[in-house]
Amino acid sequence: MRFMVMVRSSEQIETGEPPSWELAEEMMRNNEELAKAGVLLAAGGLLPSSKGAARVRFEGSRTTVIDGPFTEAKELIAGFWLIEVRSLEEAIEWVKRVPNTDGLHGDIEIRQVAE
C-alpha cells in the first residue's frame, strides 16, 4: 500500500525561514532510515507560496487561476513523503518518528494512494 504523507505549512515556513541545522540533520537521518527500510518512494520540501504558487479553480465551465502567495499557512503543504508499507498502522508508526525539534509541524496528514 502506498501512502502520501503531507506536512502542513506554518507561518514560519511561509516566511521562507529555513529550519534549524539540527532539524535539517534530523530530517535527513529520518529520510535515510526510511530509505534503508525500503519504504521511501519519494520525498521533498516545497518552497513558500510567495516563491511561486498558483491554484486553479474549476467552477462549472469557468476556470480561475489564483496566484500566490496564500495567506492561510495551515491550509498549505510544506513537504511530503511517498511511502510504501503494509498498512495504515505501519504508516502511522513511521510518521510518529518524524523529527519536530523546531515545533514547526502541527499536523502531518497520511492519505492512501488510489491503486
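Helices and strands are taken here as DSSP runs, numbered from the N terminus, with at least four residues for a helix and at least two for a strand. With that in hand, a short tour of this predicted model can start at Glu-17, which sits in the loop linking helix H1 (11–14) to helix H2 (21–36). Glu-17 has a relative accessible area of 45%; because that value falls between the 20% and 50% cut-offs, the residue counts as partly exposed. The side chain of Glu-17 makes a polar contact of 2.9 Å with the side chain of Gln-12. Glu-17 can also be placed relative to Pro-48: the two residues are 31 residues apart along the chain, and their C-alpha atoms are separated by 9.3 Å.

From this loop, the view moves to helix H3, which spans residues 88–95. Its buried residues are Glu-90, Ala-91, Trp-94 and Val-95. These residues lie on the same side of H3, because the arc they cover around the axis is only 140 degrees. As for their partners, the buried residues of H3 pack against H2 and against three strands, namely S1 (2–8), S5 (77–84) and S6 (108–112).

The surface offers a last stop. Val-65 belongs to strand S4, which runs over residues 62–67. With a relative accessible area of 54%, Val-65 is classed as exposed, because the cut-off for that class is over 50%. Together with Val-56 and Phe-58, Val-65 makes a nonpolar surface patch of about 330 Å².

Notes: Residues numbered from 1 in each chain as written. Predicted model: local features only at pLDDT ≥ 70, side-chain atom pairs only at ≥ 80, totals over all residues. Heavy atoms only, no water. Patch = residues over 30% accessible without salt bridge, like charges linked within 9 Å, V, L, I, M, F, W, Y side chains within 5 Å. Areas by Shrake-Rupley, 256 points an atom, 1.4 Å probe, with all protein chains shown as cover. Salt bridge = Lys/Arg side-chain N within 4 Å of Asp/Glu carboxyl O. Buried < 20%, exposed > 50% of the residue type's maximum accessible area, 1.4 Å probe, protein only. Polar contact = N/O pair within 3.5 Å; in protein donor to acceptor, adjacent residues only side chain to side chain. Arc of directions from axis to C-beta. Contact = heavy atoms within 4.5 Å.
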